[in-house]
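User: I should like a close look at a single part of this protein, followed by its setting in the rest of the chain.

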Amino acid sequence: MENSNLSCSSMEKVNFRTKVLSRHLNQETPIPNSIVLESFPCLSYNPPELSEPSAIFDIKEMRKLMDGHNLVERDWLFGLMLQSNLFNPIERGGKVFVSPDYDHSKEQQREITMRRIWYLLEHGVFKKWLTGKGPEDELRKLALLDGIGIFDHSLAIKIGVHFFLWGGAIQFFGTKRHHDKWLKDSEDYVVKGCFAMTELGHGSNVRGIETVTTYDSSTGEFVINTPCESAQKYWIGGAANHATHTIVFSQLIIDGKNQGVHAFIAQIRDDNGDICPNIRIADCGHKIGLNGVDNGRIWFDNVRVPRENLLNSVADVSPDGKYLTAIKDPDQRFAAFLAPLTSGRVTIAVSATYSAKIGLANAIRYSLTRRAFSVTPNGPEVLILDYPSHQRRLLPLLAKTYAMSFAANYLKMIYVKRTPEMNKVIHVVSSAFKATASWHNMRTLQECREACGGQGLKTENRVGQLKGEFDVQSTFEGDNNVLMQQVSKALFGEYVAAKKSKKPFKGLGLEHMNTSRPVIPSQLTSSKLRQSQFQNDIFCLRERDLLERFAAEISLCQAQGKNKEYAFTLNYQLAEDLGRAFSDRAVLHTFLEAEASVTSGPLKNILDLVRSLYALVTLEEDAAFLRYGYLSTDNAAMVRKEVAKLCSELRPHALSLVSSFGLPDAFLGPIAFNWVEANAWSSEQN
């Protein structure tokens with residue numbers, strides 16, 4: 001009986017499905033006339049400049065605010081690159097674009113990178129990069145490096161290793177004898193330098209490097225040795241093909257005692273480009289990006305260098321082999337030794353921000369001309385950026401990029417105006433901003449790649465390729481997670497010092513800790529959420545509370561007999577939250593300072609919207625605001641609604657905001673302009 005019932009049930013299902021399929025095939029249900037599909041003319045490109053609202057603010061003034069300095073020199077450099085076929089000009093869609101040669105072999109990319117360096121050298125780009133004095137020369141150098149990086153990250157890194165790492169080490173670790181001998185020749189590329197710090201076995205932990213140097217008083221020479229395979233120098237930019245000299249970071253052993261990490265100048269190639277005796281060099285091979293940089297590995301087999309090749313601003317060795325230093329504490333000596341290396345983190349934070357600008361300029365311009373689907377019968381297809389979901393993908397990233405741009409400018413300014421007393425501040429801020437900017441860049445490029453659909457995959461449109469080129473920024477010049485932990489450790493040190501001395505907090509923007517604890521309203525309104533005072537209060541509250549929690553947990557661990565370093569390790573989650581809280585608050589403060597410098601009403605109004613979107617999307621995305629109770633669930637929901645409203649309000653200004661980046665058309669991709677003509681058959685034939 002059961003089998004019979006099952007059989008009937010199965011037949012009923014079959015009959016039902018047959019009837020449905022029959023009605024579908026026979027079209028028994030007529031289609032109303034109102035929704036008969038009509039044919040449309042072929043798509044054509046309509047420049048967004050003709051269809052989008054005119055800018056309500058001065059785009060040139062906004063660009064001045066964004067770039068911060070040396071606009072004339074930046075534009076001169078862009079023109080210089082556009083004049084030469086070395087920068088690979090290609091016509092697409094009626095416009096000329098320049099881009100690196102990503103489809104070439106790594107050997108070809110390295111060769112053309114070096115040829116581009118010679119071209120820039122001949123045209124005076126590197127003038128005073130190592131021999132200049134004062135903030136003006138440094139700002140010019142940083143501005144020109146920005147422009148070089150907009151064209152090609154490989155070219156910027158190759159140049160950066162030579163000038164900022166090799167040259168910077170001689171400037172800051174060396175003394176007059178080194179400056180006189182090496183700086184001018186390095187500026188003119190008579191000497192081509194690299195920077196051998198990282199080893200196969202040690203990256204972020206510089207103190208643990210295994211290269212060993214001893215002193216031979218009978219000859220007045222240092223002897224540098226790679227004692228094991230894990231001590232080989234690794235990822236050394238310039239080492240594989242072109243560098244003639246390197247800065248070697250090594251443990252210095254004097255009379256059997258390890259005096260810690262020191263830096264030495266060593267020649268690795270002769271004037272003919274041949275590798276020097278007792279030096280072994282191998283190629284690091286093909287990479288996911290930066291193949292225009294010849295990263296190499298170096299082994300030192302008892303390489304002898306003159307005593308004068310020790311960079312001796314922090315410590316020296318006398319001719320008879322006595323170790324001399326004014327800084328007796330090894331920890332302080334190590335800190336003083338590494339303090340000048342912040343230049344790398346400064347340039348990474350800046351270049352990451354410009355990379356995000358390229359991605360957003362391409363993706364947003366494309367979304368202002370590309371249509372998809374209609375929302376009414378027979379209606380026109382809708383511009384992608386008119387979809388709220390697309391606005392929500394791109395416009396918060398645009399706001400964050402504006403915020404990071406102001407943060408990067410602030411970082412550059414404190415760097416070029418640095419004093420020895422500012423070393424700690426520069427170290428902490430550069431660590432935080434480097435991590436925040438490089439993480440933001442990678443997230444932005446991924447979202448822009450997806451927002452461009454299939455066109456985002458094309459190398460010529462730049463967005464996808466930039467992901468591979470800039471991925472390395474998350475780990476070089478310090479792993480981002482390690483840098484954030486260093487930030488938290490520094491904040492902990494400031495907290496303990498202030499409590500111990502019973503003096504107010506001073507520096508690192510922690511002065512807000514001296515005032516009463518901010519109180520967040522139990523019910524937030526739209527107008528409250530947009531107030532800069534509220535935004536500052538809740539960012540400061542998060543930083544303050546997390547610092548207090550972190551300090552309490554470390555103290556508890558120490559009371560239980562654990563050492564401080566182990567306590568830091570156990571509380572890594574709080575450390576990460578605190579590092580982000582510090583960075584976000586510091587970025588917000590740079591945004592507010594930039595706003596305060598503006599006198600134009602329309603410019604202030606648009607910046608107010610952008611800053612509010614930056615602040616509120618940070619509240620929405622960081623779970624710490626809910627986790628630690630700074631926002632209730634109802635207020636978090638209110639924040640989310642306000643983010644959507646702000647995206648809608650910024651939508652009419654999207655073109656003006658990306659135009660303010662000041663990126664020349666030629667340095668974007670064809671997708672940003674007439675992508676129909678760029679992909680036409682006629683373009684293919686040409």
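Where does Asn 278 lie? Please describe the strands around that position and then the other parts of the model.

Analyst: The model is a predicted one, in which local features need pLDDT of at least 70 and side-chain atom pairs count only at pLDDT 80 or more, while totals for chains, interfaces and linings use all residues. Residues are numbered from 1 along each chain as its sequence is written, and side-chain values use heavy atoms, with hydrogens and water left out.

Asn 278 is located in the loop that runs between β8 and β9. Strands here, like helices, are DSSP runs numbered from the N terminus; a helix is H or I over at least four residues and a strand is E over at least two. Asn 278 is not a glycine, yet its phi is positive, at about 65°. Most residues other than glycine have a negative phi. With a relative accessible area of 43%, Asn 278 is partly exposed; buried means under 20%, exposed over 50%, and partly exposed in between, using a 1.4 Å probe and protein chains only.

On one side of the loop is β8 (residues 257–267), which is joined to β7 (residues 245–254) by nine bridges in an antiparallel arrangement. Two strands count as paired if DSSP finds at least two bridges between them. One of these bridges links Gln 251 to Val 261 in β8. The two strands form a hairpin with two residues between them, and in the turn Asp 255 also has a positive phi, of about 55°.

On the other side of the loop, β9 belongs to an open sheet of three strands, ordered β6-β10-β9 and paired antiparallel. In this sheet β6 (233–237) and β9 (279–283) are the edge strands; each has a single partner strand, so one side of each has no neighbour in the sheet. From one strand to the next, the twist averages 35°; axes are lines fitted to C-alpha atoms, for helices over the stretch in contact, and angles run from 0 to 180 degrees between N-to-C directions.

Strand β10 (residues 295–300) pairs with β9 through five bridges, in the antiparallel sense. Among the bridges, Ile 279 is matched with Phe 300 of β10, and Asp 283 with Gly 296 of β10. β6 is joined to β10 by three antiparallel bridges, with Gly 237 matched to Asn 295 of β10. β10 is mostly covered, since five of its six residues are buried. Strand β6 contains Trp 235, a residue other than glycine whose phi is positive, near 65°. At 46% relative accessibility, Trp 235 counts as partly exposed.

The cysteines come next. The structure holds zero disulfides, a disulfide being a pair of cysteine sulfur atoms within 2.5 Å. For Cys 284, which is in no disulfide, the nearest cysteine sulfur is that of Cys 194, 11 Å away. Cys 284 is buried, with a relative accessible area of 14%. Cys 448 is likewise in no disulfide, and the nearest cysteine sulfur, from Cys 452, is 6.5 Å away. Cys 448 is also buried, at 0% relative accessibility.

Beyond these strands, the largest nonpolar core has 199 residues, and Leu 120, Ile 159 and Tyr 402 have the most contacts inside it. Helix α11 (residues 388–416) gives the most to this core, with 15 residues. Such a core is a set of buried Ala, Val, Leu, Ile, Met, Phe, Trp, Tyr and Cys residues joined through side-chain atoms within 4.5 Å. Setting aside neighbours within four places in sequence, the contacts of Tyr 402 include Met 62, Phe 591, Val 610 and Phe 661; contact means heavy atoms within 4.5 Å.

Two annotated spans complete the setting. In an unreviewed entry, UniProt places "domain: Acyl-CoA oxidase C-alpha1" at residues 341–491 and "domain: Acyl-CoA oxidase C-terminal" at residues 539–669. UniProt positions are given in the numbering used here, feature names are shortened, and annotations may be inferred rather than shown by experiment. Residues 341–491 are 69% helix and 3% strand, with end C-alpha atoms 20 Å apart. Residues 539–669 are 78% helix and 0% strand, with end C-alpha atoms 37 Å apart.

Glu 620 is found in helix α19 (residues 601–621) and counts as partly exposed, at 25% relative accessibility. Leaving aside neighbours within four places in sequence, Glu 620 contacts Arg 392, Val 639, Arg 640 and Val 643.
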